Amino acid sequence: MVEPGATSWSVPAPVAVRQSSLRERNLAAIVAAVCRTDVPPSRADLAAELSMTRATAGRLVDELVAARVLDEVERTLGGRGRPAKGLLPGTGIVGLGLAVETDRLLVRAVDLRGQVVGERDVPSSPRDAESVLDALAHEAREVRRRLQGRRLVGVGVAVPGIVDDDGHLLRAPNLRWNDVDVAGMLASVGGRRPVQVANEADMAALLEAEPRPGRPGPWTDFVHVSAAVGVGGAIVSGGRVLAGEHGAAGELGHVCVDPSGPACGCGSTGCLEQYVGIRALAEVSGLPRERVAAELAAGAASGDPRVLAAIEQVTHALSVALASVVNVVGISSVVLGGHLAALEPGTIEAIRARLDARVLGSRWKPVQVSVARGDHAAAATGAAHRALADVVARPSAWV
């Protein structure tokens with residue numbers, strides 16, 4: 001991307017539009033390059049990588065540093081002379097991520113480097129939406145109050161249910177909420193900044209696709225399953241979470257494993273959630289709910305027959321549900337999150353083997369099963385990343 005020189009035949013207004021558009025693209029290209037690299041680049045590095053003149057790169061970087069979108073750092077390089085300063089994503093820009101879970105409320109403030117600079121994690125219980133969201137707003141204001149001069153650019157909210165494009169929670173079976181204006185009820189948290197509401201599992205999947213703002217993860221295409229009390233899921237294609245026409249794509253917890261199975265809170269029967277959710281595994285394994293994730297693997301290793309029965313239930317149910325999804329969407333990588341990430345390697349391999357037996361294309365491309373990165377507040381972190389996404393994509397709006 002190069003800055004064109006002025007020409008004698010240019011019409012003033014269109015040239016202004018083109019120059020403005022080019023500036024916006026160049027700013028975004030610089031921020032993207034800094035976010036995705038391991039080594040802090042210098043102005044000269046960016047000019048060479050992005051085919052800009054050094055003067056253009058230097059001027060745009062100065063604007064981004066002044067706006068705190070980028071930070072300058074000293075680089076220790078070999079050789080003679082004074083090393084050029086390197087550039088990192090700014091620590092003065094912050095996104096706020098909020099998450100409602102069935103048993104707790106989470107708030108995380110994350111900067112453009114992906115660092116958590118403020119956090120709240122408080123217990124909760126299923127209540128009416130107004131009470132829970134009031135409590136969440138209080139915790140969010142506490143975190144925001146302690147940001148020490150950092151610049152809040154937006155608020156993301158993750159909820160365990162179906163969300164439409166306007167930030168309305170249409171349905172959350174495990175919370176027993178229907179038609180809740182989450183964005184409106186939390187508007188005071190963002191002030192004049194936008195409040196973006198999304199499905200909890202989608203935000204956890206976003207964190208796998210983008211472990212740091214603007215930094216692609218190891219997988220660009222995968223099916224994500226996140227299990228807690230409920231079971232959520234997401235489909236990621238080309239690094240983007242697919243929301244679907246009505247925001248309901250990826251509801252893997254309600255894929256049917258057995259039509260004659262137990263009743264589900266969604267109104268159907270035999271849903272995946274009834275086999276791999278915390279309540280279901282606690283009942284079969286005999287472990288307390290709060291210790292299922294920590295002790296399931298150890299119980300299996302000791303040969304506890306009830307725990308082994310729970311492991312078999314998980315293996316069967318996941319292989320049935322995920323095979324249907326993989327066969328339909330044609331994505332052969334699966335990432336397991338929540339307490340499923342704590343399964344022992346032998347169980348992961350058993351799930352993979354059963355998927356290979358059920359997935360049509362596995363002969364040519366075997367299904368890969370991996371575990372999530374283990375962030376205990378993945379949905380809140382992903383929601384904060386979503387709040388920061390506009391700064392990475394359109395830094396010109398913040399300069």
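**Helix contacts and pockets**

Me: What makes Ala280, Leu281, Glu283, Val284 and Ser285 in H9 meet the listed residues of H11?
Reply: In this predicted model, those five residues of H9 meet Arg306, Val307, Ala309, Ala310, Gln313 and Val314 in H11. The cut-off is heavy atoms within 4.5 Å, so that's what "meet" comes down to here.

Me: Which classes do the residues of the H9 with H11 contact divide into?
Reply: There are 7 nonpolar, 2 polar and 2 charged. Glu283 and Arg306 sit in this contact, and they are the charged kind because Glu and Arg count as charged. Ser285 and Gln313 are there too, and they go down as polar because they are among "the others" in the scheme.

Me: How do the axes of H9 and H11 cross?
Reply: The axes of H9 (residues 278-285) and H11 (residues 305-329) come within 7 Å and cross at roughly 145°. Quoting both values is the usual way to go, because two packed helices are described by the angle between their axes and the distance between the axes.

Me: Why are H7 and H13 called roughly perpendicular?
Reply: Their axes, for residues 200-209 and 378-393, cross at roughly 75° and come within 7 Å. Angles of 65 to 115 degrees count as roughly perpendicular, so H7 and H13 get that label. On the H7 side, the contact is made by Glu200, Met203, Ala204, Leu206 and Leu207; H13 brings Ala378, Ala379, Thr381, Gly382, Ala383, His385 and Arg386. That makes 7 nonpolar, 3 polar and 2 charged residues. Gly382 is in the contact and goes in the polar bin because Gly counts as polar.

Me: What makes H7 stand out in the lining of the largest pocket?
Reply: H7 gives the most, with 4 residues. This pocket has a volume of about 1200 Å³. Its lining has 48 residues, with Glu101, Glu200, Ala227, Ala228 and Val229 nearest the centre. By class, that's 19 nonpolar, 16 polar and 13 charged.

Me: Which residues lie nearest the centre of the second largest pocket?
Reply: Met203, Leu206, Arg240, Val241 and Arg386, out of 33 lining residues. Met203 and Leu206 of H7 and Arg386 of H13 also belong to the contact between those helices. The space in this pocket is about 840 Å³.

Me: What makes H13 part of the story for the second largest pocket?
Reply: H13 supplies at least two residues of the lining, as do H7, strand E10 (195-199) and strand E13 (240-241). The full lining has 15 nonpolar, 10 polar and 8 charged residues.

Terms used
Residues are numbered from 1 along each chain as its sequence is written. This is a predicted model: local features need pLDDT of at least 70, side-chain atom pairs count only at pLDDT 80 or more; totals for chains, interfaces and linings use all residues. Side-chain values use heavy atoms; hydrogens and water are left out. Axes are lines fitted to C-alpha atoms, for helices over the stretch in contact, and angles run from 0 to 180 degrees between N-to-C directions. Angles under 35 degrees count as roughly parallel, over 145 as roughly antiparallel, 65 to 115 as roughly perpendicular and the rest as oblique. On a 1 Å grid over the protein atoms alone, a cavity is a set of points where a 1.4 Å probe fits but cannot get out, and a pocket is an open set with protein on both sides within 12 Å along at least five of seven lines; lining residues have an atom within 4 Å of a point. Grid points are joined across faces, edges and corners, and a volume is the space filled by probe spheres set on the points.
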